[in-house]
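Hi there,

Here is the structure I promised to pass on. Please have a look at it first, and then read my notes underneath.

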Amino acid sequence: VYAFSPEMSTDSIPNLDQASSAETVYTQASPLVDHENDMIKRLGDIIRTKQPSNDSLLETSRQLVLNAIQTPQFNLEPIRSASLILRSRQANPAEASILLMALLRQQGIPSRFVGGLKITGGDTAPTMEPHFWTEAFFQGYWIPMDASQADAAVNADRLKFFDDPLITDNPYRLVLPLLEACGDLSISFQK
């Protein structure tokens, strides 16, 4: 078993500024998170009909994205909008995060795009690779969710570099510094 202990982030500590910000910036539609699209609205309606409580909406939305799309590894192809991702039924982890954000926002749940590094390779040859997931603002906290993995829990196998509401149409301004940092980063694993 490998120990991984990232420094505590103040992002997870709720305050009034975060709550009011979450209700505005993190629920907006954008060119990438186009939650006002008809297909996404219909999916949101289906989820709300089947899962009336917000805590079950979170996991049901994550499961829908996980089961509706295939997730190849991250690539540098142009990142698409949630509606295009849904139409193609394929998404890398960054795009799966965008689609989950759109479904959550369509239901009025604030969400943001998160990027960092994830430990892969198991106990024999652990490595870290860029990875992207979603955080949903629920009951005063940002809850990490990953729509590209079967396990609902986002474990301590990640090092968070950034989060963003993705209200612009250029997510590469976030991703490129992460990819650049990977070349200069040295991480050691301890048994």
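Below are my notes on salt bridges, the nonpolar core, a helix pair and a few single residues.

This is a predicted model, in which local features need pLDDT of at least 70, side-chain atom pairs count only at pLDDT 80 or more, and totals for chains, interfaces and linings use all residues. Residues are numbered from 1 along each chain as its sequence is written, and side-chain values use heavy atoms, with hydrogens and water left out.

Let me start with the salt bridges. I counted a pair when a side-chain nitrogen of Lys or Arg lies within 4 Å of a carboxyl oxygen of Asp or Glu, and that rule gives nine salt bridges. Helices (H or I, at least four residues) and strands (E, at least two) are DSSP runs numbered from the N terminus. For accessibility, buried means under 20% relative accessible area, exposed means over 50%, and partly exposed is in between (1.4 Å probe, protein chains only).

One of the bridges sits within a helix: R62 pairs with E59, with 2.9 Å between the closest N and O atoms. Both residues belong to helix α3 (residues 54-68) and are three residues apart, about one turn of the helix. R62 is buried because its relative accessibility is 1%, whereas E59, at 29%, counts as partly exposed.

R80 and E95 also form a salt bridge, with an N to O distance of 2.9 Å. R80 is in the loop between α3 and α4 (82-88) and E95 is in helix α5 (residues 93-106), so this pair ties together parts that are 15 residues apart in sequence. Here R80 is partly exposed at 25% relative accessible area, and E95 is buried at 5%.

The strands have a bridge too: K160 meets E135, and their closest N and O atoms are 3.2 Å apart. That pair links distant parts of the chain, with K160 in strand β4 (residues 158-164) and E135 in strand β2 (residues 127-138), 25 residues apart. K160 counts as partly exposed at 28% relative accessibility, while E135 is buried at 7%. Do look at the surroundings of this pair, as R112, E135, K160 and D163 are linked in a network of salt bridges.

Now to the core. In soluble globular proteins, nonpolar side chains tend to be buried together. I took a nonpolar core to be a set of buried Ala, Val, Leu, Ile, Met, Phe, Trp, Tyr and Cys residues joined through side-chain atoms within 4.5 Å. The largest one in this model has 39 residues, and V65, I98 and F113 have the most contacts inside it. At least two residues of this core come from each of α2 (38-50), α3, α4, α5, β1 (111-120), β2 and α6 (172-184). The largest share, nine residues, is supplied by α5. With contact meaning heavy atoms within 4.5 Å, and residues up to four places away in sequence not counted, V65 touches A96, L99, L100, L103 and A147.

Another residue to click on is L178, which lies in helix α6 and is buried, with a relative accessible area of 1%. Its C-alpha atom is 9.6 Å from that of H131, a residue 47 residues apart from L178 along the chain. Leaving aside neighbours within four places in sequence, L178 is in contact with G115, G116, L117, P130, F132, F161 and F162.

How do α2 and α5 meet? I40, K41, L43, G44, D45, I47 and R48 in α2 are in contact with A102, L103 and Q106 in α5.

Finally, two backbone details. Most residues other than glycine have a negative phi. R89, in the loop between α4 and α5, has a positive phi near 65°, and this residue is partly exposed at 48% relative accessibility. Q139 likewise has a positive phi, about 50°, although it is not a glycine. You will find Q139 in the loop between β2 and β3 (141-145), where it is exposed with a relative accessible area of 67%.

Enjoy exploring the model, and best wishes!
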